[in-house]
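Biologist: Could you walk me through this model, one step at a time? I'd like to hear the reasoning as well as the result.

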Amino acid sequence: MELSSDRAVARLEMSQIQNEDGEPFNEVSDGDYESLPPHVSVTTHMTAGAVAGVLEHTVMYPVDSVKTRMQSLQPDPNAQYKSVYEALKRIIKTEGIFRPLRGLNITMMGAGPAHALYFACYERVKHSLSHIIQSGGNSHIANGVAGSVATVLHDAIMNPAEVVKQRMQMYNSPYRGLWDCVRTVTHAEGVGAFYRSYSTQLTMNIPFQAVHFITYELMQEQLNPHRHYNPSSHIVSGAAAGAVSAAVTTPLDVCKTLLNTQENVALSSVNISGHLSGMANAFRTVYRLGGLAAFFKGVQARVIYQMPSTAIAWSVYEFFKYFLTKQKLEQEAASGQL
């Protein structure tokens, strides 16, 4: 879209002043801000998602470690925790200050490319479907479908990283490090072990992301109806979206953790030999071991982890979108003055 230099300059100036209520005008329009500038390369587009994804997973990683342990169906007596705070305190005291960060390296290696594809795909599919369904307006159906499609790509990369990460997070994990875990699992269980929980992960993450994006967009309609760059609204909307989607999909996350960790003590107690596979088998096993309550093990840690993580991811990503759009307008203004 071509803009005259006068219009570009005017819009940039308006974005820096305030109205009578003390709120910024942020005159970058919905259409310009919500879509990344057309001159931006795919690499730059995906970088925004990669940075957001790495920050999302790393900042709250210790809580994720606690969540994995709290979802253990038959935990070691030394790894039974009453709360997230108590768990972190005990882990650091008995296992060392860096123990809650074990597995962070594989998470960062997977999160970058996974989230790059995730956000890039979400933006493209959302706008394509919105033009078809709502003639360019916001469509909750488009948001949900876009989030689901993006999840398929995201999980294809992230699932192997999740398997390694969760096995290293468990209490008394037998693996010396990242590559020892990869080699041991490959030799003992085959490459398929890294995708044993993929169907369950998708079954969890597709509704998770659909609820996540729909909640985020609904919150944005209430808090930021004009879709200006508003950091506080992105943080609040992101946190709310993370909390709701995390809570409602916890039962599936418990099943995924069991498939990823292949918890030997729990499987032996219900006479399961070999390796547990399949979402249906995971559901039956969880129910046999703990009843309905077992499906919500670790829900507190999961919500506490997802709220700030999702808030960080959205605020970082929306900043990149705003920054790139503003950069585009400045370049147009400068070229118009030549």
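Modeller: Sure, and keep in mind that this is a predicted model. One term before we start: a helix here is a DSSP run of H or I with at least four residues, a strand is a run of E with at least two, and both are numbered from the N terminus.

Biologist: Okay, so how many helices and strands are there in the chain?

Modeller: Read the elements from the N terminus on, and you get α each time, right to the end of the run. That fits the tally for the chain, which is 14 helices and 0 strands.

Biologist: What share of the residues in the chain is buried?

Modeller: A residue counts as buried when its relative accessible area is under 20%. The chain has 338 residues, and the buried share of them is 51%.

Biologist: Take Tyr122. Is it buried or exposed?

Modeller: Tyr122 sits in helix 6. Apart from its neighbours within four places in sequence, it is in contact with residues including Asn143, Ala146, Phe213 and Trp314. Its relative accessibility is 1%, and the cut-off is under 20%. Therefore Tyr122 counts as buried.

Biologist: Where does the largest pocket lie relative to domain 1 and domain 2?

Modeller: Look at who supplies the lining. Domain 1 (41-195) gives residues to it, and domain 2 (196-310) does too. So the largest pocket lies between them, domain 1 and domain 2.

Biologist: Which helix gives the largest share of the lining of that largest pocket?

Modeller: The lining has 23 residues, with Met170, Tyr171, Thr261, Glu263 and Asn264 nearest the centre of the pocket. Helix 8 (178-189) and helix 12 (264-269) each supply at least two lining residues. The largest share is 4 residues, and it comes from helix 8.

Biologist: And how many of the lining residues of the largest pocket are charged?

Modeller: Sort the lining by class. You find 9 nonpolar residues and 9 polar ones. The charged residues number 5.

Biologist: Now the cavities: what is the volume of the largest cavity?

Modeller: Rolling a probe the size of a water molecule over the atoms shows where empty space is left. In this structure that gives 4 cavities of 30 Å³ or more. The largest cavity has a volume of about 360 Å³.

Biologist: Which residues lie nearest the centre of the largest cavity?

Modeller: Its lining draws at least three residues from each of domain 1 and domain 2. By class, that lining divides into 7 nonpolar, 9 polar and 8 charged residues. There are 24 lining residues, and nearest the centre are Glu56, His57, His154, Asn205 and Gln306.

Biologist: What is phi of Asn172, and is the residue buried or exposed?

Modeller: Most residues other than glycine have a negative phi. Asn172, in the loop between helix 7 and helix 8, has a positive phi near 55°. Its relative accessible area is 57%, and the exposed class starts over 50%. So Asn172 is exposed.

Biologist: Arg227 also has a positive phi. Is it buried or exposed?

Modeller: Arg227 isn't a glycine, yet its phi is about 55°. You'll find it in the loop between helix 9 and helix 10 (231-248). Its relative accessible area is 8%, and the cut-off is under 20%. So Arg227 is buried.

Conventions. Residues numbered from 1 in each chain as written. Predicted model: local features only at pLDDT ≥ 70, side-chain atom pairs only at ≥ 80, totals over all residues. Heavy atoms only, no water. 1 Å grid on protein atoms, 1.4 Å probe; cavity = no way out; pocket = protein on both sides within 12 Å on 5 of 7 lines; lining within 4 Å. Nonpolar A, V, L, I, M, F, W, Y, C, P; charged D, E, K, R; others polar. Domains from an automatic or database assignment. Buried < 20%, exposed > 50% of the residue type's maximum accessible area, 1.4 Å probe, protein only. Points joined across faces, edges and corners; volume = space filled by probe spheres on them. Contact = heavy atoms within 4.5 Å.
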